[in-house]
Amino acid sequence: MKAIGFKQSLPIADANSFIAFETEKPTPSGFDLLVKIAAISVNPVDFKIRESAAKDTVLETPKIIGWDAVGTVEAVGDTTSKFKVGDQVYYAGDLTRSGSNAEYQLVDERIVGRKPKNLSIAEAAAIPLTGLTAYESLFDRIKVNPETDKGKTVLVLAGAGGVGSMAIQLARKIGNLTVIATASRPDSIEWCKDLGADFVVNHHNLKEELEKIGHSQVNYILDYVDLEGYWDTMAEIIKPQGHIVSITESSKPLNLDILKAKSVTFSWELMYTRSMFGTEDIERQHFILNTIADLLDAGTIKTTLTTALEGFNVDNLKKAHQMQESGKTIGKTVIQY
């Protein structure tokens with residue numbers, strides 16, 4: 001089968017930052033599905049791992065990355081029960097296994113969902129990783145209750161990004177929360193509003209912007225951009241007994257003491273935790289993806305696809321990585337095979 005990978009962590013402009021190669025098509029066993037991939041999407045995690053996985057070495061075999069895919073089940077393992085050959089599926093995969101930048105991939109069915117029926121292949125490919133991350137942030141980490149938490153405020157940092165775009169919709173439509181998103185460019189501001197944000201504020205003057213809209217403090221904060229840069233500000237604007245969730249990293253230890261007086265909860269969110277550690281609730285990702293598929297099919301939420309590149313090749317993968325590295329993309333970028 002054809003795959004695209006890398007042997008060294010090189011700048012994306014380098015001729016060998018990605019290389020196409022042939023490798024053996026894998027065979028499923030256990031809970032695995034063999035999926036013939038039809039489309040993938042690219043996330044910030046892709047370029048971050050490309051930049052770090054082979055920084056001081058040259059790999060003998062190219063590393064295949066990629067953690068979003070839509071495709072058709074071609075074969076199943078001997079203990080599978082959720083899908084059959086011919087089913088269309090979507091998923092975000094497992095950080096510890098070979099990725100989706102290939103023609104075929106093995107993936108544990110317990111972290112796979114049915115492809116939304118009313119979405120195109122490209123529209124569906126935009127969803128899994130960001131959908132899981134946003135859903136887990138709200139309903140697994142904060143544990144938002146749509147009835148008892150109705151009307152509470154959530155601040156979504158980087159609202160126009162892939163995860164932020166899903167979080168705005170899920171928080172507003174499913175969580176019944178008042179959504180405040182950050183954005184600064186006219187196109188990203190409009191994007192957040194179209195997704196259902198009640199307010200959009202400029203992240204460059206966050207405290208002042210929140211005061212202007214009458215929400216100087218918020219119940220929840222979803223950090224999808226810069227934990228270290230916003231840490232002190234978040235401690236000021238979070239309400240007593242509030243909850244902060246972050247998917248980003250800090251280059252130095254965080255001072256958790258500044259949250260103590262308010263009894264604020266801080267949680268990490270990593271979508272890969274369940275698959276990396278084989279947690280007892282690993283199957284919850286199957287449930288979440290199917291729940292999101294139902295919401296998409298009902299029109300309650302919508303795809304976050306903004307750019308679709310045609311053709312699974314090195315040039316398109318490089319282009320998608322360059323777009324992610326710019327930090328200015330809105331929504332999601334998909335490569336259709």
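**A chat about helices, cover and overall shape**

Q: Why does the length of helix H4 (residues 162–173) look right?
A: Its 12 residues should span 16 Å at 1.5 Å a residue, and its end C-alpha atoms are 17 Å apart, so the two agree. The expected span is 1.5 Å times one less than the number of residues. Helices here are DSSP runs of H or I with at least four residues, strands are E runs of at least two, and both are numbered from the N terminus.

Q: Before we go on, what sort of model is this?
A: It is a predicted model, where local features need pLDDT of at least 70, side-chain atom pairs count only at pLDDT 80 or more, and totals for chains, interfaces and linings use all residues. Residues are numbered from 1 along each chain as its sequence is written, and side-chain values use heavy atoms, with hydrogens and water left out.

Q: Thanks! Back to H4: how many of its residues are buried?
A: 10 of its 12 residues are buried, so H4 is mostly covered. Buried means under 20% relative accessible area, exposed over 50%, and partly exposed in between, using a 1.4 Å probe and protein chains only.

Q: Which ones?
A: The buried residues of H4 include Gly162, Val163, Met166, Ile168 and Leu170.

Q: And helix H10, what does it reach from end to end?
A: H10 (residues 314–326) has 13 residues and reaches 18 Å from its first C-alpha to its last, close to the 18 Å expected. Among its buried residues are Val314, Leu317, Lys318 and His321.

Q: What covers those buried residues of H10?
A: The cover includes strand S1 (2–5), strand S3 (32–42), helix H1 (44–52) and strand S15 (332–336). Contact means heavy atoms within 4.5 Å.

Q: Changing topic: where is Ser188 found?
A: Ser188 sits in helix H5 (residues 186–195).

Q: Buried or exposed?
A: Ser188 counts as buried, because its relative accessibility is 4%. Leaving aside neighbours within four places in sequence, Ser188 is in contact with Ala160, Ala183 and Ile330.

Q: Zooming out, how many helices and strands does the protein chain have?
A: The chain has 10 helices and 15 strands, and 54% of its 337 residues count as buried.

Q: What about the box around the C-alpha atoms?
A: They fill a box of roughly 60 × 40 × 35 Å, taken along the principal axes.

Q: Last one: which contacts join residues at least 24 apart?
A: Among contacts between residues at least 6 apart in sequence, 71% do.
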